[in-house]
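This report goes through one protein chain, from overall figures to single residues. Please keep the sequence and the structure at hand while reading.

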Amino acid sequence: MRRKEWSVMNRKAVSQDESTGHIRKNPREIHEDAIMRAWVKAQTADASEHADEWIDWKEIEHHVLRLQRQLAHAVEHNNRKAVRHYKWLIRTSHHTKLMAIRHVTQENRGRRTPGVDGKTYTTPEKRRELRGLVDLGSRPLPVRRVYIVKKNGKPRPLGIPTTHDRVCQAIHKAAMEPEWDTQFSPNTYGFRPQRSTWDAMSQVFANFCKSGSAQWVIEGDIRGYFDNVDHAKLLARLAPEDRIYVRRMLKAPVLDPEEGLLASTRGTPQGGLISPLIAVIALQGMEKDLRQKAFQMRFGSSRANPGINIVSYADDFIVTCKTKEQAEQFVPVIAQWLADNVGVELSLEKTHITNINDGFDFLGFHVRKYKGQLLIKPAKDSKLAVLRKIKGILDANKSAKQSMVIRLLNPIIRGWGNYYSTQVSKKVFGYCDHKIIQMLWKWAKRRHPKKSAWWIYQRYFTRRGNRNWVFADGPFTLATMSDIRIIRHIKIQGRRSPHRPSDHEYFEARREQLLLKRLNGFQKKVVHKTGGRCALCGCNISVEHFRHWQVNGDNDILFARMIPDRLGGHNTIENVVVTHRWCYEKYRSIHDYDTLPDNPERYLSNQESIVDGKWSGKENSQRANDNVKTAGWLEPCDSKESRPVLRGQGHHKVPKLPDLMLRKIRIAMADRNAKYRLEDIVQIDDFYLGGESEGKRGRGTDQAPVVTGVSMKKGKPEYLFMDLVNDLSKHSVLEVLSGRLTKGVILETDGWPTYASCAEDLGVQSHLIARSRDGNKNETFQWLDKAISNFKKFIDGTYHGRQLDDQLYMEEYTYRYNRRNFGHRLVERLLAASAQTSLAQSP
């Protein structure tokens, strides 16, 4: 940058830095303060190949947040030079770029959705590549048009930008949001940080709860809001430094799958990161102007009490009025304001005027007064929608095993129930539970048409406590909405903003208050250990992440075990920590599941210790059973629902001495097998244990799945492994392969997508071996097929089927297989290994 330009950008921004209290005496002193020094340090940050392994996210978030608070402070003091300066600092900061890349490629739910270029950046190597490609001066590429189905069955068009353009939008959003968030109306809740639909419904309750409150409401409906916003009117609201990029983004053409490349003349593309913010900016000023207009129409007694109240969430809004006549007079006023300031139309056909005693729907809730008492309940349409969704899942999984059905339904039941857990929902929860049990009964009865009702009940249902109809399969239990607690939400104060420096203490206290409110006892203790921060990066875990985890089933946070299961780690308060998903994935990419963390003693209780690199302690150590709710496909925290089910669990018969000796020998075999890592070319497949069973065969059967693999050297088998897993989901297979393979192997699979996805995450090659027309594999898998066949004969012939522990029998078989050339040395080595093994060890 030229010396003249540099001096212009470093002129005095504000007379006082509110966050530090530092008074700048020299107008050019800004380049010497802490913010500028941190910015210069960020530009010279290490961008080497392995730099992301040591990124200090806590420092990065603190730096960006401090810049945003300085920007908000300058906006409130109407210092335009300082506003432009801090926006420039935020946009050019390397730290902002890193946070934008992390948000787009790791946090965002659409991180695997490509744009028109077909590129995604979901691996560390690709993220490092993206870091060097980000250019804010480039023109956005066309957006890819996709259609999703709305609740009413009509298609909703979405515009998906490329990953590069989404990163640029995230950077511009970081620079624009602090400026606008401090100016938004107090009762605007959509797409704003630290605000949710719960805050909007709390404001609705405040507007109607009193006996003298307004009795009439205007339910506003804007016709195609996101598709019809006028570009000229929107751009006129923005600052000159923001207008250039937003214009380019709005004018980016649309690539429609049927009509080809289309010009964009109106609307904001739904699908971009900055589009929600722009949509809220377009409606800025509506509350203030309409309240002023209501006062001029003499609806109220003063400007502070103009006779109306407005609550808006993006394009959904309501307006309260005292009488029906006032509401009818005010509808044309609203329509005129929208046409003049936003360029959109108010749908007069869908805009209704309703009495509060008749009730109305807003944001999925039904608001109505019953004999003078205001109650907010789940809307009927939302209740029917969730029941239809559950019925659709049951219809699509008629032959799936019971545990898989429970896994599919639990996130939906918990998410829907948690969303409505702030209002009067207990009666609706009981009704939904009743309907779900009825649907499950029909699902079970269809599977066994010739069985009696009592047999079906005993097969699929059980009794727990005072409840008779508990849909459970071993450790898997279906969640019920009736068990969800009703917890009132504390509404945010309207004028507060997380970007305002003076509101920092308010939001810290609010975060601590809301963070622990909806967690159970075990989760509260785990979160309290780190003060609500990620145990790996040290950054605060936001309330939004916890809310999305509970309501939407997002996996942005994880309750993870630091000492892995294969090393004996348990679900204790000491061993379980709360982390960001991306932090845990990065940690496990550096430290595999066979490595103890640094200072492992801090993850042990008083009854536990580390012996020979593994956990050792009393079996009755403090554990968390169902209380730990895992989130996402990884599920590192081994709750009851994520443990493999082994035959014989729950049997308390005391084994005889020969049985103990045999078990000790098999444990020694398993301990030695764990030290083998397969190299070169590895063939991977899966099979199932169990006899004849009803329903589907192969993947999806009710039998116990096993992941197996054999390494090939010069066309001959070398080493074999077999691991019993709970299911063939990605996280189960990935955990097995990460502990069994070395880096640089080449996987040969039958083309099942899970194996290819795991190979991509492990950074190894994957080759597809096609099946023949009769469904059998070709001769490439002959050695693996022979090993599987011999193992089944070994189980059926030697042990007459499965008895106590299938995994230990597999360990015995693989131990013999891998040492088939040892000869007489095998017995000596096995006896020596058994002497060093205790029964407390278990694979």
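What follows covers the chain as a whole, its nonpolar cores, one cavity and a set of individual residues.

**The chain as a whole**

The model is predicted. The chain has 843 residues, and 52% of them count as buried. Its secondary structure consists of 28 helices and 25 strands. Among contacts with a separation of 6 or more, 69% are made by residues 24 or more positions apart. The accessible surface is about 40,900 Å², and carbon and sulfur atoms account for 50% of that area.

**Nonpolar cores**

The largest nonpolar core is made up of 55 residues. Within this core, Val204, Phe360, Ile390, Leu409 and Ile436 have the most contacts. The element that gives the most to the core is helix H17, residues 426-447, with 9 residues. Another core lies apart from the largest one and has 53 residues, including Cys168, Leu234, Ala279 and Val344.

**Around Phe360 and Thr354**

Which residues does Phe360 contact, leaving aside its neighbours within four places in sequence? They are Val204, Phe208, Val217, Glu219, Ile318, Thr354, Phe365, His366 and Val367. Val204 is also listed with Phe360 among the core residues that have the most contacts.

Thr354, one of the partners of Phe360, is placed in strand S10, residues 352-355. Its relative accessibility is 11%, so Thr354 counts as buried. With neighbours within four places in sequence left aside, Thr354 is in contact with Gln215, Trp216, Val217, Glu219, Gly359 and Phe360. Val217 and Thr354 are 137 residues apart along the chain, while their C-alpha atoms are separated by 5.4 Å.

**Two residues with positive phi**

Most residues other than glycine have a negative phi. Two exceptions can be described here. Leu363 has a phi near 60°, and its place is in the loop between strand S11 (360-362) and strand S12 (365-370). Asn78 has a phi near 55° and lies in the loop between helix H3 (57-76) and helix H4 (80-92).

Is each of these loop residues buried or exposed? Leu363 has a relative accessible area of 17%, and because the cut-off for buried is under 20%, Leu363 is classed as buried. Asn78, at 64% relative accessibility, counts as exposed.

**Buried residues in helices and strands**

The table lists four buried residues with their elements.

| Residue | Element | Relative accessible area |
|---|---|---|
| Ser711 | strand S22 (residues 704-713) | 1% |
| Phe471 | strand S15 (residues 467-473) | 2% |
| Arg102 | helix H5 (residues 94-107) | 5% |
| Thr354 | strand S10 (residues 352-355) | 11% |

The contacts of Ser711, not counting residues up to four places away in sequence, are with Leu678, Glu679, Ile681, Val682, Lys716, Pro717, Glu718 and Tyr719.

For Phe471, leaving aside its neighbours within four places in sequence, the contacts are Gln402, Ile406, Leu440, Trp443, Tyr460, Phe461, Phe476, Thr477 and Leu478. Ser403 is 68 residues away from Phe471 along the chain, and the C-alpha atoms of the two are separated by 9.8 Å.

Arg102 is a charged residue that is nevertheless buried, with a relative accessible area of 5%. What does Arg102 touch, not counting residues up to four places away in sequence? Its partners are Trp57, Glu61, Glu107 and Trp582.

**Cavities**

How many cavities of 30 Å³ or more does a search of the whole structure find? There are 6. The second largest cavity holds about 100 Å³ of space. It is lined by Ser185, Thr188, Val280, Leu283, Gln284, Met286, Glu287, Ser312 and Ala314. By class, this lining has 4 nonpolar, 4 polar and 1 charged residues. The charged residue in the lining is Glu287, because Glu counts as charged.

**In brief**

The chain has 28 helices and 25 strands, with a largest nonpolar core of 55 residues and another core of 53 residues lying apart from it. Phe360 and Thr354 are in contact with each other, and both touch Val217 and Glu219.

How values were computed. Residues are numbered from 1 along each chain as its sequence is written. This is a predicted model: local features need pLDDT of at least 70, side-chain atom pairs count only at pLDDT 80 or more; totals for chains, interfaces and linings use all residues. Side-chain values use heavy atoms; hydrogens and water are left out. A nonpolar core is a set of buried Ala, Val, Leu, Ile, Met, Phe, Trp, Tyr and Cys residues joined through side-chain atoms within 4.5 Å. Buried means under 20% relative accessible area, exposed over 50%, partly exposed in between (1.4 Å probe, protein chains only). Helices (H or I, at least four residues) and strands (E, at least two) are DSSP runs, numbered from the N terminus. Contact means heavy atoms within 4.5 Å. On a 1 Å grid over the protein atoms alone, a cavity is a set of points where a 1.4 Å probe fits but cannot get out, and a pocket is an open set with protein on both sides within 12 Å along at least five of seven lines; lining residues have an atom within 4 Å of a point. Grid points are joined across faces, edges and corners, and a volume is the space filled by probe spheres set on the points. Accessible areas come from the Shrake-Rupley method with a 1.4 Å probe; for residues, only the protein chains shown count as cover.
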